[in-house]
Every structure is written in structure tokens, then in C-alpha cells.
Amino acid sequence: MIRLAMFDVDFTITKKETLMQFFKYMIHKDKKNLRFLPRAIFSGVMYGVGVYDEKRVKEAFLKFIDGIDEKDLAILVKDFYKDVLSNILYDDAIKMMRDLKKQGYKIYLISASPEFYLNEFYQYKEVDKIIGTKFKFKDKKFIREMDGCNCKGEEKVKRLMEELKKDNIEVDFKDSYMFSDSLSDKPLLDLVGHPYLINFKKQNDIEILKWK
């Protein structure tokens, strides 16, 4: 039986929302990608008024990499990690990962962000497993179609349990940790004996940690 230390990603271990940072990075790489900005704004508005769900928003938003070759995307996300992601991490989050890893915990990152770039966090030797929102590839090219559900809320618990079953792992959840910036992760926070909210602005029964 193992003990887990689970971390959300956006605004939990990173200071910024990663998918928007990825879009900004693509604009920086090629200003022609600005043509996708109206689509991004429109998708956000449709989500805000309840017309689009988060799955549809992400599928629409990712038009800027639609059809990219799988190998080219792999190169791109490595550069994105090096130039952006690695520079927007909370030092306190990395310290917590390392401290808990030394205590024998398995480190899992569980996020609604796309797994195709989150996988770059495997560059941290402390990270044992990354679970994110999956997207499909057809004929080795990226397509804007989510593979399964958006990895958020109860879906995170479902995906976690699937991975644990696949790896034949039993977990001591009473002595496990979950760190998140949002109560959308309450299903995971309720699952563990050591739940923490990161930089949460409202008073809550769950202990709040201030990370920088």
C-alpha cells in the first residue's frame, strides 16, 4: 500500500493558467496565430453564458494546433516547457513535492489541462504519474477531439482510480495529500486525510496554504 501526494497544476503548482500560456507562446512563435484570438474569445463567452461546456470550449480553443504533426507537437511542447512552464512554477510547490517524495510519497499531478504538454513535467524526477485531459491523434496528426471527458471534478477521481487499478496499486488515502487552488477538486480533497487549498481567498474548513 502506497501513500499519494496529489497536486492540481494550474494555479496550484503554476502561477498562471497553462493553456492560455500555451496559446500566448504560439502567438510569440508566429504572429499569424493571432487570427485564432476571436475564436478563443467567442468560445470563452459561450462558456460564460452556458452554451458551451468545458469540453467544447477546449476543442474549439485548440484550433491553433489543429492538424499539427505529432512529432512537431512533441518538439513544440518541449520548447514550451523550457521557455514558459518551467519559469512559472511556485517554489513552494516544488519544495513540497520534494519533501513529500523524501518521506516516501508517490507524486501524482492531476489536472484538467491537456496531457500532451503536462507530460513535460516528467522532467521532474519526483513526479511519478501525470493525469490530464487527453486529446486524439489521427494519422499521427493532432485533432481537436477530446479522448474521453474533461479531467475535472469527479472525473479526476475516476481517472485516478482507473490508473491505480491498471498499475495494481493500493493506496492509503487517509495518509495521502491533495493540493488544489479550487473547490472544483473537492472530490479529490475529500478523498484524502490531508487536503489543502492553495492561495484560496475565502475562509474554508480546508486548511489554506500560501505559496509563492
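Analyst: A helix here is a DSSP run, H or I, of at least four residues, numbered from the N terminus. The model is predicted.

User: Where does Val51 sit?

Analyst: Val51 is in the loop between helix H2 (37-48) and helix H3 (54-61).

User: Why is Val51 called exposed?

Analyst: Exposed means over 50% relative accessible area. Val51 has 51% relative accessibility, so Val51 counts as exposed.

User: Which residues make the nonpolar surface patch with Val51?

Analyst: Leu34, Leu37, Ile41, Val45 and Val49 join Val51 in that patch. Its area is about 520 Å².

User: Why does Trp211 count as buried?

Analyst: Buried means under 20%. Trp211 has 6% relative accessibility, so Trp211 counts as buried. Trp211 lies in the segment after strand E8 (207-209).

User: What is Trp211 in contact with, leaving aside its neighbours within four places in sequence?

Analyst: Its contacts include Phe7, Thr12, Tyr90, Met96, Phe179 and Ile198. Asp8 is 203 residues from Trp211 along the chain, with 13 Å between their C-alpha atoms.

User: How do you know that the span of helix H7 agrees with its 13 residues?

Analyst: The expected span is 1.5 Å times one less than the number of residues. For H7 (residues 154-166) that gives 18 Å; the end C-alpha atoms are 19 Å apart, so the two agree.

User: Which residues of H7 are buried, and what covers them?

Analyst: Glu155, Lys156, Val157, Arg159, Leu160, Glu163 and Leu164 are buried. The cover includes strand E1 (4-7), strand E2 (106-114), helix H6 (115-118), strand E3 (127-133) and helix H8 (186-189).

User: What is the sign of phi at Asn168, which follows H7?

Analyst: Positive, near 55°.

Conventions:
Residues are numbered from 1 along each chain as its sequence is written. This is a predicted model: local features need pLDDT of at least 70, side-chain atom pairs count only at pLDDT 80 or more; totals for chains, interfaces and linings use all residues. Side-chain values use heavy atoms; hydrogens and water are left out. Patches are made of residues with over 30% relative accessible area and no salt bridge: like charges are joined within 9 Å, nonpolar side chains (Val, Leu, Ile, Met, Phe, Trp, Tyr) within 5 Å. Accessible areas come from the Shrake-Rupley method with a 1.4 Å probe; for residues, only the protein chains shown count as cover. A salt bridge is a side-chain nitrogen of Lys or Arg within 4 Å of a carboxyl oxygen of Asp or Glu. Helices (H or I, at least four residues) and strands (E, at least two) are DSSP runs, numbered from the N terminus. Buried means under 20% relative accessible area, exposed over 50%, partly exposed in between (1.4 Å probe, protein chains only). Contact means heavy atoms within 4.5 Å.
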